[in-house]
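Here is a short briefing on a predicted model. It covers a charged pair and the surroundings of a ligand.

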Amino acid sequence: MKVICMTTSKGGAAKTTNTVETAAALKILGKKVLVIDIDQTTGLTKYVGAYYEPDERESLGIKTIYDILTGDCSVDEAILDVECFDLISGDERLANPQITFNKEDDQYLLKDICEMLEENGYDYIFIDHGPQKDLLQKMSYIASDYFFITTLMAENDRQQAKNAVAEISQLQKSRNKLVTGDVYGFIVSRVKKVSLSDLAISDMENEAAIYKENRSVEPRIFTIPDAIAIAEAQTFKVPNTMAHKSSNVSRAYYDLADYILEIN
Ligand SMILES: Nc1ncnc2c1ncn2[C@@H]1O[C@H](COP(=O)(O)OP(=O)(O)O)[C@@H](O)[C@H]1O
Ligand SMILES: [Mg+2]
């Protein structure tokens, strides 16, 4: 079982989209996949049509990642079977994690949850965190085996992507080696045929080369085309990699899924 985190500390950089589309592709390829939405905005849970208002959840008995983290339910009780993969849904109560999870060892909570999930026979667990550089992001980093740094083409997005690599590297080097995972790829999303995308790609290639020198893992660069079909997927609540397997954007995600199978 491998835990995968698509990451950067910026909202709107396609983390959730890349997570949903790649996870669904791996499921289609026959793998057992679970996705954990640990973002208080619950964007991923909504993307796959599994969102319920808090009072609805209460009456339907639906549990979330918040209920697991706070010890209010078992891991198994919170697993939802949505069409594209298994899901542990997000929760608004994840706002202010530093206050809710204030014990030293709480940073390991998500890693512990992933270890418990190993018994359920999952091949891959994806963690989708929010845009904040907070404790939930740190928990996600500690729990993960593979990182995919996500960026759009703009300079600010690329800078945030580099910051995420720096953050991961710092935690890898920390005295108690908080992070044991590695960066296996950079994903440049919403690519159009303009010179800015060439610049973004070569910028990330450069980052990958630096990473290889330090960690002897060479991250691969992936590009995801800008596609109107992505907005459609969110409207119809079905990932593109399920609904339109041979579209351009889906093929890009299947390449990424194949690579994940390869490095395993
Ligand atoms: N390849 C793409 N083509 C077109 N729109 C995209 C693509 N990837 C992401 N988007 C759009 O960009 C926005 C932000 O994506 P999202 O995955 O929610 O980012 P994040 O999780 O990093 O905040 C969403 O509206 C999404 O539909
Ligand atoms: Mg998101």
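R57 and D91 form a salt bridge. Their closest N and O atoms are 3.5 Å apart, inside the 4 Å cut-off for such a pair. R57 belongs to helix 3 (residues 54–60). D91 sits in the loop between strand 4 (86–88) and helix 5 (97–100). The two residues are in parts 34 residues apart in sequence, so the salt bridge ties those parts together. The structure holds 12 salt bridges.

**Where ligand 1 sits**
- Ligand 1 occupies the largest pocket.
- Three elements each give two or more residues to the shell around ligand 1: helix 1 (15–28), strand 8 (220–225) and helix 10 (228–236).
- Helix 1 gives the most to this shell, with three residues.

**Who surrounds ligand 1**
- There are 15 residues around ligand 1.
- G12, T16, T17, P225 and A227 come nearest.
- By type, the shell residues divide into six nonpolar, five polar and four charged.

**Polar contacts of ligand 1**
- The side chain of T17 has an N or O atom 2.6 Å from an oxygen atom of ligand 1.
- For the side chain of T16, the distance from an N or O atom to an oxygen atom of ligand 1 is 2.8 Å.
- A13 takes part through its backbone: a polar atom there is 3.0 Å from an oxygen atom of ligand 1.
- How much of the accessible area of ligand 1 does the protein cover? On its own, ligand 1 has 560 Å² of accessible area, and the protein covers 80% of that.

Key:
Residues numbered from 1 in each chain as written. Chains lettered and ligands numbered in written order. Predicted model: local features only at pLDDT ≥ 70, side-chain atom pairs only at ≥ 80, totals over all residues. Heavy atoms only, no water. Near = heavy atom within 4 Å. Polar contact = N/O pair within 3.5 Å; in protein donor to acceptor, adjacent residues only side chain to side chain. Areas by Shrake-Rupley, 256 points an atom, 1.4 Å probe, with all protein chains shown as cover. 1 Å grid on protein atoms, 1.4 Å probe; cavity = no way out; pocket = protein on both sides within 12 Å on 5 of 7 lines; lining within 4 Å. Sits in = over half its atoms within 2 Å of the grid points. Helix = DSSP H or I, 4+ residues; strand = E, 2+ residues; numbered from the N terminus. Nonpolar A, V, L, I, M, F, W, Y, C, P; charged D, E, K, R; others polar. Salt bridge = Lys/Arg side-chain N within 4 Å of Asp/Glu carboxyl O.
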